[in-house]
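Student: I've got this model open and I'd like a close look at a single part of it. Could you walk me through one sheet, and then show me how the surroundings look?

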Amino acid sequence: MASTVAAQQAPAVESDELHQQVKAQGERLNAMRSQIAAQMEQLETMRRTLAAQEAQYRELRQAVGLDVLDRQRAGNIRAAGSSATALPMPADAVAAAGPEDTQPVGQAPQRDSRPPEVAPIFDQPGVLTPPGKLIVEPSYQFGYSSADRVALVGYTIIPAILIGLVDVRQVKTTTQTGAIALRYGITNRMEAEVRIPFVHGHTDTISREIFTGSATDRAFGASGSGLGDIEATLRYQLNDGGADKAYYVAWLRAKSRTGRDPFEVTTDCVQRCVQNATGTGLPLQLPTGSGFYSLQPGVTWLYPSDPVVFFGNVSYLHNFARNNVSRTLVLAGKENLGKIQVGDVADVSVGMGLALNEKASFSIGYDQSWVGVTKQNNRRVAGSVKTVLGTLLIGGSYRFSDKRTLNFTLGVGVTRDTPDATVTVRVPMMY
């Protein structure tokens with residue numbers, strides 16, 4: 001009987017042990033599930049942190065311009081992937097990077113085909129306006145020139161002995177030009193510009209009375225202000241440049257004669273001013289325009305070569321002749337001059353720009369022009385000769401924001417006929 005009871009109790013004990021084992025195993029499984037859930041949550045937090053760090057890293061690279069340096073220095077961006085640096089990859093690393101290592105991920109950024117920005121020191125900008133954008137550029141230019149003129153009026157009987165008078169003149173000219181330029185981007189490669197200038201000029205001439213034998217200098221002053229010659233320019237980028245590859249921008253400028261021309265002002269002469277026998281031969285009021293329609297084709301080029309950018313212009317200005325030209329003389333009415341053809345102008349300029357940081361840049365360049373002779377009735381005007389104008393240009397630029405920039409240019413004349421100093425300030429604003 002006792003053995004029968006013991007046999008019945010044995011399965012019950014084993015059943016309790018199994019229940020205890022199952023319960024313990026379930027508790028361990030629940031603990032493992034909790035641990036896995038905590039680890040998954042930790043992994044998700046790490047993923048978010050990594051994504052934020054990658055986004056911050058890309059922003060920092062873009063801010064310091066490492067991607068631009070990679071493109072300019074021909075670094076292998078595809079082989080380096082998202083960890084690309086500004087330094088080119090070693091040759092062995094590039095060779096070891098196989099097709100499986102260079103699979104593109106996502107969509108590559110659109111390549112910027114526009115020329116690099118430099119501090120502008122010439123009249124023609126190199127960077128075109130983005131399509132659909134308008135740039136309003138107010139500008140101010142101050143120019144000063146001083147020249148001496150010596151005229152021998154008489155004849156010599158033997159060398160070094162002059163019979164007659166000497167006419168000595170000092171001419172000091174100050175010109176101030178305020179202008180508004182409007183540039184609009186038509187396409188990625190084309191823009192149009194209209195420039196409206198307002199001119200104020202003043203000239204002081206110090207001279208002695210001719211044919212009087214006076215030993216006293218006299219000063220003659222004249223000034224004039226008003227609307228200048230309105231200009232319109234169309235520019236087109238010819239190619240896609242890049243690192244060690246030049247950009248070319250062709251342009252065509254047309255100039256009107258909306259300003260008061262030299263033939264409209266009154267001249268202080270009674271007889272022909274070439275004879276200069278009576279009167280000063282000077283205008284009583286300064287003109288604000290050239291008096292001729294002009295057409296000027298040209299090409300601007302930019303050559304990026306890290307860390308500088310070389311640039312320049314080549315252009316040719318043609319002035320159209322005017323027929324039946326006359327001018328007004330003091331006490332003598334109108335004087336018919338006939339057909340007047342002023343000389344054409346060939347211009348070549350070259351310079352280099354250097355970015356000091358992400359906001360400031362510096363440029364230096366040289367501009368030289370060859371001016372042809374002036375003809376009257378198809379004959380060269382007496383005293384008209386070919387002229388060479390040379391100007392040394394130094395400029396700087398500071399970018400306040402993506403839409404506001406301050407440009408400053410100083411021009412110094414290096415030939416006798418060039419203005420002594422020219423200061424230009426421009427503030428382009430994008431809308």
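**The sheet around E10 and E11**

Tutor: Let's start with a strand pair: strand E10 (residues 322–329) runs antiparallel to E11, and six bridges link the two. Within that pairing, Val-325 sits opposite Gly-338 in E11. Before going further, keep in mind that this is a predicted model, so everything here is read off predicted coordinates.

Strand E11 itself covers residues 333–341, and it also pairs with strand E14 (residues 375–376), again in the antiparallel sense, over two bridges. There, Ile-340 faces Gln-376 in E14. Put the strands together and you get an open sheet of five with mixed pairing, in the order E7-E10-E11-E14-E15. At the edges are strand E7 (266–267) and strand E15 (379–380), each of which pairs on one side only. As a reminder, strands of a sheet pair through backbone hydrogen bonds, either parallel or antiparallel.

Now for the nonpolar packing. The largest nonpolar core has seven residues: Ile-121, Phe-122, Tyr-247, Leu-302, Val-309, Phe-311 and Leu-393. Apart from that one lies another core, of six residues, and here you meet some sheet residues again, because its members include Phe-263, Val-325, Ile-340 and Val-342. Back in the largest core, Phe-122 is worth clicking on: leaving aside neighbours within four places in sequence, its contacts include Phe-311 and Leu-393, along with Gly-312, Asn-313, Ser-349, Val-350, Gly-351, Gly-365, Tyr-366, Asp-367 and Arg-426.

Two other spots deserve a visit. Thr-203 lies in strand E3 (residues 190–207), and it counts as buried because its relative accessibility is 13%, with the cut-off at under 20%. Its side chain makes a polar contact of 3.4 Å with the side chain of Thr-173. Beyond four places in sequence, Thr-203 is in contact with Val-171, Lys-172, Thr-173, Phe-220, Gly-221, Ala-222 and Leu-286.

Gly-228 is the other one, in the loop between strand E4 (218–227) and strand E5 (231–237). Despite the loop setting, Gly-228 counts as buried, because its relative accessibility is 0%. Not counting residues up to four places away in sequence, Gly-228 touches Pro-197, Phe-198, Val-199, Thr-258, Gly-259 and Thr-288. Gly-228 and Thr-177 are 51 residues apart in sequence, and their C-alpha atoms are 8.6 Å apart in space.

Zooming out, the chain has four helices and 19 strands. Of its 431 residues, 31% are buried. Among contacts with a separation of 6 or more, 61% are between residues 24 or more positions apart. The accessible surface comes to about 26300 Å², and carbon and sulfur atoms account for 59% of that.

Finally, confidence. The chain averages a pLDDT of 78, with 74% of the residues scoring at least 70. Over residues 72–100, though, the pLDDT is below 50, and that stretch has 31 contacts in the model beyond near neighbours in sequence. Residues 271–277 also stay under 50, with 14 contacts in the model beyond four places in sequence.

Conventions: Residues are numbered from 1 along each chain as its sequence is written. This is a predicted model: local features need pLDDT of at least 70, side-chain atom pairs count only at pLDDT 80 or more; totals for chains, interfaces and linings use all residues. Side-chain values use heavy atoms; hydrogens and water are left out. Buried means under 20% relative accessible area, exposed over 50%, partly exposed in between (1.4 Å probe, protein chains only). Contact means heavy atoms within 4.5 Å. Accessible areas come from the Shrake-Rupley method with a 1.4 Å probe; for residues, only the protein chains shown count as cover. Two strands pair if DSSP finds at least two bridges between them. A polar contact is a pair of N or O atoms within 3.5 Å; within protein, one must be able to donate a hydrogen and the other to accept it, and residues adjacent in sequence count only if both atoms are side-chain atoms. A nonpolar core is a set of buried Ala, Val, Leu, Ile, Met, Phe, Trp, Tyr and Cys residues joined through side-chain atoms within 4.5 Å. pLDDT is the predictor's confidence in each residue, from 0 to 100.
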